[in-house]
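Open the model in your viewer and keep the sequence panel beside it. The stops below are given as selections to make, one after another.

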Amino acid sequence: MKKRILKHGLAAKVAAACLLVLSACAGSATSTATETKALADSENTDMLLPRPKLVVGIVVDQMRYDYLYRYWDKYGNDGFRKLVKQGFNFKNNQYSYVPTYTGPGHASVYTGSVPALNGIIGNNWYSRERSEMVYCVEDQTVNTVGSTSDAGKMSPANLLTTTITDELRLATNMGSKVIGVALKDRGSILPAGHLGNTAYWFDSPTGNWITSTYYRTDLPQWVQEFNSKKLPDQYLSEPWNTLLPIAAYTESTADDVPWEETLPGEVKPVFPHNLPAIRQKDYELLRSVPGGNTITKEFALAALRGESLGKGEFTDFLAVSFSTIDYIGHKFGPNSVEAQDGLLRLDREIGELINEIEQEVGKGEVLFFLTADHGAAHVPAFLKENNVPAGVASSGIVRDSVEAYLDKLYGSGDWVERYTNQQVYLNRDLIDNKKLNLVDVQQRVAVQVMRHEGVMRAVAASTLQGANWGAGGLMARVENGYNAQRSGDVIILLEPGWFEGGSKGTTHGSYSNYDTHVPLVWYGWNVEPGESAVPTEIADIAPTIAAWLYIQEPNGSVGRPLQEYME
């Protein structure tokens, strides 16, 4: 960076000197004015801070770290391989908290923080004040823009801290433009932050891209024109077949195994997936097939051009989240032909996205980063088939056992208000009415839950509030994911290889590395090729961007800039 500034400043000073010489030789009467202007231009050039014209954040939903390399030989040269070979790859990048879900992941990437501070402790959580579940970006005070559905009643109101995109807008007196794009509302809203110009997401009933009145009261012309193309109809008009001959998918399990789920309307989870035959009246199916990533890329490029991103006085920010790999993984698992095919196709989409943005804005003028909101577990049935310990836990059994235990201990009552995100929310009013000690009840429940098969540890909220595990490790991750106002009374941690859910497909949310270890690759503006195995955290992304842009890091940031490891 210093070399670029000095070189640029030297060129300006040489130019100024040349102007002075020419002026003297010509005997110009305006030599003094010319000299003054040249020196002023030189000084102004020296004062300019180098910044990219555009920052592009790419988050791949449910992208395990090993996906970067598992299909390496089958990737093209413009997508993942280009990012890794021409960018800087942090190979030991981890989430520092549990639970690892989509909402918390996107919030952590862009706030440089953890759920304990930014408040996004899950995709959903139980609100004691409202006695009901809360969705991470729900907002009943706003309305949908672009559809008659309720899918637009969303905003970042539940996010408690600023994002790096907020700080960029504040630093430029709202001069920078910030746009969020994702099929999932939470994948676009949380990255765009509180001050984003607009976040857009996909509306299944209509097949349109929509937003909410939190941002604006109507869709801009470029969005209306994009929606009018009816691309979802095109992407669902043909069967989903493999990109390569299916025999080439040697990195995956067989196409028909008992632990894969089918798409709605299918008899077997095998290729080709006859999309026209199983499509319903709406466009929900698009989320679970490669066309979901294709339309996300196309809409992101439409936003780039429609909003003239990277063309203004200030650095702009385009936050893009590719959601479809997550839908595929939940259905078929991470070792499926479907997951591999989805990633091979996504590799091409990302390559096209990067190439077109660089052509539009200028190669070397755009800072890209690639990461994921979480990883994914192997399907327990697949692990057990290969003699690896694993299993599926039942949330219903846990809740019922806690109710029965407290009934026996303290008398009949509705002791559990809610069990969600592997957290027990106790009925605190009932505990108060019976004049019981909350800490004692929490501790007893934690001990009782440990009796269940697959449970590795149960932690009472009082234990988390009374100690500090900031040095790292398992308990540090639990602490970082615990928010005293929103989290439960007892947090349950399952054995590695275990999760709560169904017997088919996969999920995520644990402290294990298959859920926390995700890619972090920087590419483009000011990035020299390289790699490092130094331990990094997702929370480091936002302060790294802040350091490059010479702006304040988000107000809940707990990460540190990574530039010193990239020199």
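Start at Tyr550, the residue that follows helix α22; its phi is positive, near 60 degrees. This is a predicted model, and the backbone angle is a value computed from it. Now step back and select α22 itself, residues 541-549. Eight of the nine residues in this helix are buried. To see them, show Ile541, Ala542, Pro543, Thr544, Ile545, Ala546, Trp548 and Leu549.

Next, colour the chain by pLDDT. The average over the protein chain is 92, and 92% of the residues score at least 70. Residues 1-31 fall below 50, and this stretch has 20 contacts in the model beyond near neighbours in sequence. Where pLDDT is low, the predicted coordinates should not be read in detail.

Select strand β11, residues 366-372. How many of its residues are buried? Seven of seven are. In a regular strand the side chains alternate between the two faces of the sheet. Here Val366, Phe368, Leu370 and Ala372 point one way, while Leu367, Phe369 and Thr371 point the other way, and all are buried.

Keep β11 on screen and add its two partners listed here. Strand β1, residues 54-60, runs parallel to β11 and is joined to it by seven bridges. One pair to label is Gly57 with its bridge partner Phe369 in β11. Strand β18, residues 520-524, runs antiparallel to β11, with five bridges between the two. Here, label Leu370, which stands opposite Val521 of β18.

Move to Lys82, in helix α4 (residues 80-86). Is this lysine buried or exposed? Its relative accessible area is 8%, and because the limit for buried is under 20%, Lys82 counts as buried. Leaving aside neighbours within four places in sequence, show the residues in contact with Lys82: Asn77, Gly87, Ile354, Asn355, Glu358, Lys363 and Tyr523.

Then select helices α12 (residues 291-306) and α14 (residues 337-361). They pack at an angle of about 10 degrees, with axes 10 Å apart. Angles under 35 degrees count as roughly parallel, so α12 is roughly parallel to α14. On the α12 side, show Asn293, Thr294, Lys297, Ala300, Leu301, Leu304 and Arg305. On the α14 side, show Leu346, Glu349, Glu352, Leu353, Glu356, Ile357, Glu360 and Val361. The residues of this contact divide into seven nonpolar, two polar and six charged.

The last stop is an open sheet of four strands, in the order β13-β14-β16-β15 with antiparallel pairing. Which strands stand at the edges? They are β13 (416-420) and β15 (455-460); each has a single partner strand, so one side of each is left without a neighbour in the sheet. From one strand to the next the twist averages 15 degrees.

Zoom in on β13 and β14 (residues 423-426), which run antiparallel and are joined by four bridges. Val416 stands opposite Leu426 in β14. Now add helix α16, residues 395-410, which packs on the sheet and touches β13, β14 and β16 (490-494). The direction of α16 makes about 155 degrees with that of β13. Finish with helix α18, residues 438-449, which lies across β14, β15 and β16 and runs at about 180 degrees to β15.

Methods
Residues numbered from 1 in each chain as written. Predicted model: local features only at pLDDT ≥ 70, side-chain atom pairs only at ≥ 80, totals over all residues. Heavy atoms only, no water. Pairing = 2+ DSSP bridges. Axes fitted to C-alpha atoms, helices over the stretch in contact; angles between N-to-C directions. Contact = heavy atoms within 4.5 Å. Buried < 20%, exposed > 50% of the residue type's maximum accessible area, 1.4 Å probe, protein only. pLDDT = per-residue confidence, 0-100. Parallel < 35°, antiparallel > 145°, perpendicular 65-115°, else oblique. Nonpolar A, V, L, I, M, F, W, Y, C, P; charged D, E, K, R; others polar.
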